[in-house]
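Let's take a look at how some helices pack in this one, and at where the pockets sit. Have the viewer open as you read.

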Amino acid sequence: MRRATERTAALVRAVPEDRLGLPTPCEKFDVRGLVSHLEYVAAMFESLARQEAPALQGPYAGDFPERAERTLAAWSRPEAWEGTSPAMGMPMTAVAHLFLVDMVVHGWDLARAAGLEYEPDADAVARGLAFAEQMAERAREHGVFGPAVEVPVDAAPMDRLLGVTGRDPAWTP
């Protein structure tokens, strides 16, 4: 979780101001909207780790790296991993994996949209792919993943993760 989050935070810091209006692989977000979504995701998963009411979406604040650090701090507590999330009705380990998938996949979204280099952590991709394949149907029912994009069975794990979550690995702006 830490490596994936830190890599995505580094991407957010690297996005030039003039690229905030560019489209992303997430049709509903431009780059600024995606960073705002990441801010919300960090705040929400921090509150979930602390067993607090989920955070609400706010306007773009430009503070994702700081929020991400708070989220990692919340998940560094052993009790964050215990039990079931009252807000999401799933084991806390599954909630943590949702955050991991968000960090890896949205890191790719951001890098692809802003023209930045992105080398996701191989272990994070493998864990995210295993979880995403297991949860894909439920995630689609709840609008978390888009419709699957077919990729070759022998495609790289990151490409398979992108396909499972509804992204075309060949997407370009």
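## Helix 1 against helix 3

A quick bit of vocabulary before the first pair: helix axes at an angle over 145 degrees count as roughly antiparallel. Keep in mind, too, that this is a predicted model.

Helix 1 (2–14) packs on helix 3 (residues 64–75) at about 170 degrees, and their axes are 9 Å apart. That angle is over 145 degrees, so helix 1 and helix 3 are roughly antiparallel to each other. On the helix 1 side, the contact is made by Arg2, Thr5, Glu6, Thr8, Ala9, Val12 and Arg13. Helix 3 answers with Phe64, Pro65, Ala68, Glu69 and Leu72. Sorted by class, that contact has six nonpolar, two polar and four charged residues.

## Helix 3 against helix 4

Helix 3 has another partner to look at. Its axis and that of helix 4 (residues 92–114) come within 13 Å and cross at roughly 155 degrees, so helix 3 and helix 4 are roughly antiparallel to each other as well. The crossing here is left-handed.

Who does the touching? From helix 3 it's Phe64, Thr71 and Trp75, and from helix 4 it's Met92, Val95, Ala96, Phe99 and Met103. Seven of these residues are nonpolar and one is polar, with no charged ones. Phe64 turns up in the contact with helix 4 and also in the one with helix 1.

## The largest pocket

Now for the empty space. The largest pocket holds about 900 Å³ and has 34 residues in its lining. Nearest its centre you'll find Lys28, Asp102, Gly143, Val144 and Phe145.

Helix 2 (31–49), helix 4 and helix 5 (122–141) are the elements that give two or more residues to this lining. The largest share is from helix 2, with six residues. As for chemistry, the lining divides into 21 nonpolar, seven polar and six charged residues.

## The second largest pocket

The runner-up has a volume of about 170 Å³. Helix 1, helix 4 and helix 5 each supply at least two residues of its lining.

Which residues line it? The list runs Met1, Arg2, Arg3, Ala4, Trp81, Ala96, His97, Leu100, Asp121, Asp123, Ala124 and Arg127. By class that gives six nonpolar, one polar and five charged residues. Two of these names have come up before: Arg2 is in the contact of helix 1 with helix 3, and Ala96 is in the contact of helix 3 with helix 4.

Conventions:
Residues are numbered from 1 along each chain as its sequence is written. This is a predicted model: local features need pLDDT of at least 70, side-chain atom pairs count only at pLDDT 80 or more; totals for chains, interfaces and linings use all residues. Side-chain values use heavy atoms; hydrogens and water are left out. Axes are lines fitted to C-alpha atoms, for helices over the stretch in contact, and angles run from 0 to 180 degrees between N-to-C directions. Helices (H or I, at least four residues) and strands (E, at least two) are DSSP runs, numbered from the N terminus. Angles under 35 degrees count as roughly parallel, over 145 as roughly antiparallel, 65 to 115 as roughly perpendicular and the rest as oblique. A crossing is left-handed if the near helix is turned anticlockwise from the far one by less than a right angle, and right-handed if clockwise. Contact means heavy atoms within 4.5 Å. Ala, Val, Leu, Ile, Met, Phe, Trp, Tyr, Cys and Pro count as nonpolar, Asp, Glu, Lys and Arg as charged, and the others, Gly among them, as polar. On a 1 Å grid over the protein atoms alone, a cavity is a set of points where a 1.4 Å probe fits but cannot get out, and a pocket is an open set with protein on both sides within 12 Å along at least five of seven lines; lining residues have an atom within 4 Å of a point. Grid points are joined across faces, edges and corners, and a volume is the space filled by probe spheres set on the points.
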